[in-house]
Every structure is written in C-alpha cells, then in structure tokens.
Amino acid sequence: MAKKEKSGLEIIESPEALQQEFNKAEGFLKNNQKLLTIIGGGILAVVLGVVGYNYYTNSQDDEAQAAMFNAVYAFEADSLKQALNGTGGNEGLLAIADNYGSTKAGKLANFYAGVALVKQGKYDEAIEHLKDFSSDDLLVQARAYALIGDAYMEKKSVDDAISYYKKAADYKPNKTFTPIYLMKLANAYEVAKNNKEALEVYSDIITNYPESIEIGNAKKYKSKLEGTVGE
C-alpha cells in the first residue's frame, strides 16, 4: 500500500510529524549547501548588477546633458547642420543620440535630431531618430508621433502617416494639441480618399473640442465632405 502523505494540518497538530519535517528541511540544507550558495550568489550578482547599471546610466546621463548644451543652443539658433554634427570639438545631436541613446538626454537628442532632419527634408533619417525617442511627457511624445506622421506624408506613405497621427491624437488627449493632431489625421484620410473616416474625425473635433482653434476649419471641411459621403 502506498504511503499516505501527511496533510498540512496533521503536521502542525502533531509534534512528531513536525519534527520529521524539520529534519527533512535540515537534511536538504546540508545536502544542497553548495547549490544554495550558488543561487544566493546569483541573486547577489543580479542586485549588484542592477545597482551598478543604475549608477552607470546616471553618470552617462550627466555627460549627455552636458554635451547637449551646445547642440541645443545651435538648434534654437536654427543652425541645424551645426546642431546635428557639432563643431569645435563639441558633439552634435547625432553623436549624442548614438553614444548616449539609453539615457534620458540621449533620447531627447533623438527627438531634436528628428526635428532638425525633418526640417532638412531627410525624412527617412528623421523617422529613424524619432522612433528611437520615447518619453512619458504629455506633449513631447505626442509631438514625436505627429512628426513621424509628417515625415511619412512627405514620403507619400499616407497609410503610415495615418497610423502615427492616430498615435499622436490618442496619446494623453488634451484640449490644446489633440485637435491639431486630429486635423492632421483628417487631412491624411482625405488624401487617402477615405472621406467617411475624415468626416468622423472632423465631427470628433467639433463635438469634443468646441473651443479649439481648429474648430472653424473642422466645420468648414466637414461641410465640404458631407455631400461626398451621402450626408
């Protein structure tokens, strides 16, 4: 007959059974001391690795922020080539994004580089850098999505533009900027001859953002489209 296993309740209520369980545990610890030491060492290595990585990324972020100063200054002065490539021994946005891409400042360098490249008409490079940018910021992340949409529109990749304008409009909606992205989305739908979808977006602006600066154009373009979709 198979040996019946003791239940948890039997172990707790029986001193003899409880002692047997302690003996089992003690034996396991003695027989597997080396294994447990290895496991413990592994956990310690992971913890130390995380701490070391955080220290490294923080120091890298400080370096990237310092390097960003001259590049952003050039960007604000509309000296796009200098901002992107650097000058006088100072790193430009492209080098900062490449060397410090895992840091917050490095990611921001990708955003600035993307904006500058869009202005220069280098849309493929702009898209690459803007896709490498990420942020929880209410305004900048949505702006990056919209800029990717703009770059795709310039490349005549309308379906891709629509996808990113949707992302921009859906990212943390707000009364100021969301209607702007919705207008871009509606325009892209019109270019793609998706007039019904464009009409729905104009209606969204009119209904949900009545105080937006885009409200006049939304009403005007909606009125023009209504006849084409049978309304």
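Which residues touch the most other members of the largest nonpolar core? Okay, let's start there. This is a predicted model, by the way, so keep that in mind as we go. The core holds 58 residues, and the ones touching the most other members are Met68, Phe75, Leu93 and Ile96. As for where the core comes from, helix α6, residues 104–119, gives the largest share, with 9 residues. The general background here is that nonpolar side chains in soluble globular proteins tend to be buried together.

Let's zoom in on Phe75. Leaving out anything up to four places away in sequence, Phe75 touches Leu80, Ala83, Leu93, Tyr112, Val115 and Ala116. You'll recognise Leu93 from the list I just gave.

Now, two buried residues that I'd like you to click on. Histidine 129 sits in helix α7, which runs over residues 123–132. Is histidine 129 buried or exposed? Its relative accessibility is 14%, and the cut-off for buried is under 20%, so histidine 129 counts as buried. Once you skip residues up to four places away in sequence, the contacts of histidine 129 are Leu94, Ala97, Asn110, Ala113, Gly114 and Leu117.

The other one is threonine 178, in helix α10, residues 178–191. Threonine 178 is buried too, at a relative accessible area of 2%. With the same sequence neighbours set aside, that threonine touches Ala169, Pro173 and Tyr209.

On to the backbone, for those of you who like Ramachandran plots. Lysine 156 has a positive phi, near 65°, and it isn't a glycine. You'll find lysine 156 in the loop between α8 (140–154) and α9 (158–170). Lysine 156 counts as exposed because its relative accessibility is 69%. Lysine 172 also has a positive phi, near 45°, and this one lies in the loop between α9 and α10. At 38% relative accessibility, lysine 172 counts as partly exposed.

Both of those lysines fall in a stretch with a record attached. An unreviewed UniProt entry lists residues 142–175 as "repeat: TPR". In the model, that span is 76% helix and 0% strand, and its end C-alpha atoms lie 13 Å apart.

Last stop, pockets. What is the volume of the largest pocket? About 160 Å³. Lining that pocket are Ser102, Thr103, Lys104, Lys107, Leu108, Phe133, Ser134 and Ser135. By class, that makes 2 nonpolar, 4 polar and 2 charged residues.

Okay, that's my tour. Over to you.

Note on methods. Residues numbered from 1 in each chain as written. Predicted model: local features only at pLDDT ≥ 70, side-chain atom pairs only at ≥ 80, totals over all residues. Heavy atoms only, no water. UniProt positions renumbered as here; feature names shortened; annotations may be inferred. Helix = DSSP H or I, 4+ residues; strand = E, 2+ residues; numbered from the N terminus. 1 Å grid on protein atoms, 1.4 Å probe; cavity = no way out; pocket = protein on both sides within 12 Å on 5 of 7 lines; lining within 4 Å. Points joined across faces, edges and corners; volume = space filled by probe spheres on them. Nonpolar A, V, L, I, M, F, W, Y, C, P; charged D, E, K, R; others polar. Core = buried A, V, L, I, M, F, W, Y, C linked by side-chain atoms within 4.5 Å. Buried < 20%, exposed > 50% of the residue type's maximum accessible area, 1.4 Å probe, protein only. Contact = heavy atoms within 4.5 Å.
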